[in-house]
Amino acid sequence: MTAPLVEASGLAAGYGGPPAIRELDFAVEAGQSVAVLGPNGGGKTTLLRALLGELRPAAGSARVEGRPAYVAQSERTRLDFPVSALDVALMGTLAGGRWWLPARRSERAAAARALERVGLAAVAGTPFGELSGGQRQRVLLARALVQEARVLLLDEPLAGVDRPSAEAIESLLGDLRGEGRALLVSTHDVEGARGFDRVLCLNRRQVAYGPPADCLRRTVLEQTYGSEIVVLEEDGRSLRAVAVQHHDH
Amino acid sequence: MDVLDPLLDPWRSGIGQRALAEAVLVAAICGALGFWVLSYELSYGAESLAHGLLPGLVLAALAGLPLLVGALGGVAAAAALVGLAARDERIDTDTATAVVVTGMLGLGALLALAPEAPPRLEELLFGNPLAATAGDLAAAAALVVVGGAALVALHRPLTAVALDPGGSSALGVRPTAVRLGLLLLLAAALAVAVEGLGNLLALAVLVAPAAAVQRHVRSPGRAIALAAAIAVAASIAGLYASHYLDIAAGAAIALALCATAALGSLMPRRAQRA
């Protein structure tokens, strides 16, 4: 039996004060995808940062096979900075070291292939800031592909994304699972979480972890979201629920 | 030959030649560095460092030391004081910086107006490229070589962090280290630039050319090359203006540099794709 690609054991992490997340115990095997559900402030981003090694565990441990690739939300990038889609994809080669040297021809070719894989070869020379939100998200995914990481961490990759981009991203995530990579995807899409192999419900602590059928139940979702969950319909076998996001502006 | 005389006249003397070399070297490296100063929103920090190093310049002048030594000491002292002041949680960083820099500028003026001080405060404040020495040129050349190599080496990490600090750390790039490297380059560039353009005007060569090109380029590489070229051209134009209009060289260069920023803002932004 092979070791999991991601493993958290009694993990707690935070920003110096009380831990923002605690009591996390889960393992992700090669080829598995995990939907990370939770309310705003529930600890989804904290978990990703802990797995990236940016936050030191306050308790327990987190182990990730190799350096994970991270796909941030494209709205957190600078849109007025003059770089092309190919330039952004090429940044993935920085993970291989040699940051002080210009990119090699083989690295440029890898970046071009990654853009082709996300369906954006035609806009390789287009400024990143001039792409649609969905296209920008796909470019960031191409940057992660160039890293050739076995573990990918994605922060709400489908939030605010146009339909063609969402379909392209979902299709690509399926392909990546088939290649034996492990995916952790933070999302607010409770219904969409059914398409994942595992669901991790977080509300500052681990509420549940397991197959969607076990986790996407009324009691679990109410513990996860509290008043932010609206159960639309539930019968003996199925449930439809929507997480209501409250934003503080 | 008659046609070229007006072009060559300013550079016939040793003073003119040294001024030209100093202006070109400083403009080339500062113009290039300026793109990153703007991209990392460090214009205010650059101005603060430039003003904060005045006491160092005056003390070096009083002690008969090279101004470069005073400038470097002044930068270090200003940075340390800003860091200390910013630790007070009751005030924000901008306020701490403003208080420290104004205090340093006042201290510098106080020292410069003391009876023992050399009677050329205006040169420290406004610079004088025509007074460039062989030592100044050597410092500027060293900055071009070392700073230029550092900019080339840091180009990819600087680009990654400027676009996406959070995502870049997952690529193995350390945003804090990249910013620190940029700040060190900025401090070294200011320490050299203040000798030619003075304490109050050195910022122009860092910020104005980069501001001129910022909205009109499609890649950092092009922006850097264009900003450096514009900085060199404006500096030479300033020296011509100084020669023929008999005006202060440092101020003439600063005004020429700022004119490029104004022209850049008046030009239509490059067309966006549909």
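The following paragraphs describe a predicted model of two chains, A and B, beginning with confidence and ending at the contact between them.

Local features are given only where pLDDT is at least 70, and side-chain atom pairs count only at pLDDT 80 or more, while totals for chains, interfaces and linings use all residues. Residues are numbered from 1 along each chain as its sequence is written, and chains are lettered from A, with ligands numbered from 1, in the order in which they are written.

Chain A has an average pLDDT (the predictor's confidence in each residue, from 0 to 100) of 89, and 90% of its residues score at least 70. Among the elements of chain A, helix α2 (residues 85-90) has the highest mean pLDDT, 97, and strand β10 (residues 229-234) the lowest, 62. Where pLDDT is low, the predicted coordinates should not be read in detail. Helices (H or I, at least four residues) and strands (E, at least two) are DSSP runs, numbered from the N terminus.

In chain A, 6 strands make an open, mixed sheet in the order β5-β6-β7-β3-β8-β9. Strands count as paired if DSSP finds at least two bridges between them. The edges of the sheet are β5 (69-71) and β9 of chain A; each has a single partner strand, so one side of each is left without a neighbour in the sheet. From one strand to the next, the twist averages 15 degrees.

Strand β3 (residues 33-37) of chain A pairs with β8(A) in the parallel sense over 4 bridges, and one bridge partner couple is Ala35(A) with Val199(A) in β8(A). On the way to the edge, β8 (residues 198-202) and β9 (residues 206-210) of chain A are antiparallel, also over 4 bridges. Here Leu200(A) has Tyr209(A) in β9(A) as its bridge partner. These two strands, β8(A) and β9(A), form a hairpin with 3 residues between them, and Arg204(A) in the turn has a positive phi of about 70 degrees.

Two helices of chain A lie across this sheet. Helix α4 (residues 133-147) of chain A crosses β5 and β6 (151-155) of chain A and runs at about 180 degrees to β5(A). Helix α5 (residues 163-178) of chain A lies across β3, β6 and β7 (182-186) of chain A, at about 145 degrees to β7(A). Axes are lines fitted to C-alpha atoms, for helices over the stretch in contact, and angles run from 0 to 180 degrees between N-to-C directions.

Chain B has 12 helices and 0 strands. Its radius of gyration (taken over C-alpha atoms) is 19 Å, close to the 19 Å that the globule rule (2.2 Å times the number of residues to the power 0.38) gives for 274 residues, so chain B is as compact as a globular protein of that length. The C-alpha trace of chain B spans about 60 × 50 × 30 Å along its principal axes. Buried residues (20 or more other C-beta atoms within 10 Å of their own, with C-beta atoms placed from the backbone) make up 49% of the 274 residues in chain B.

The contact between the chains takes 24 residues from chain A and 23 residues from chain B; two residues are in contact if their C-beta atoms, placed from the backbone, lie within 7 Å. The chain A side has 16 nonpolar residues (Ala, Val, Leu, Ile, Met, Phe, Trp, Tyr, Cys and Pro), 5 charged (Asp, Glu, Lys and Arg) and 3 polar (the others, Gly among them). Arg156(B), in helix α8 (residues 134-163) of chain B, is in contact with Leu94(A) and Trp99(A), leaving aside its neighbours within four places in sequence. Arg156(B) is buried, with 24 other C-beta atoms within 10 Å.

Conventions: Buried ≥ 20, exposed ≤ 12 C-beta atoms within 10 Å, placed from the backbone.
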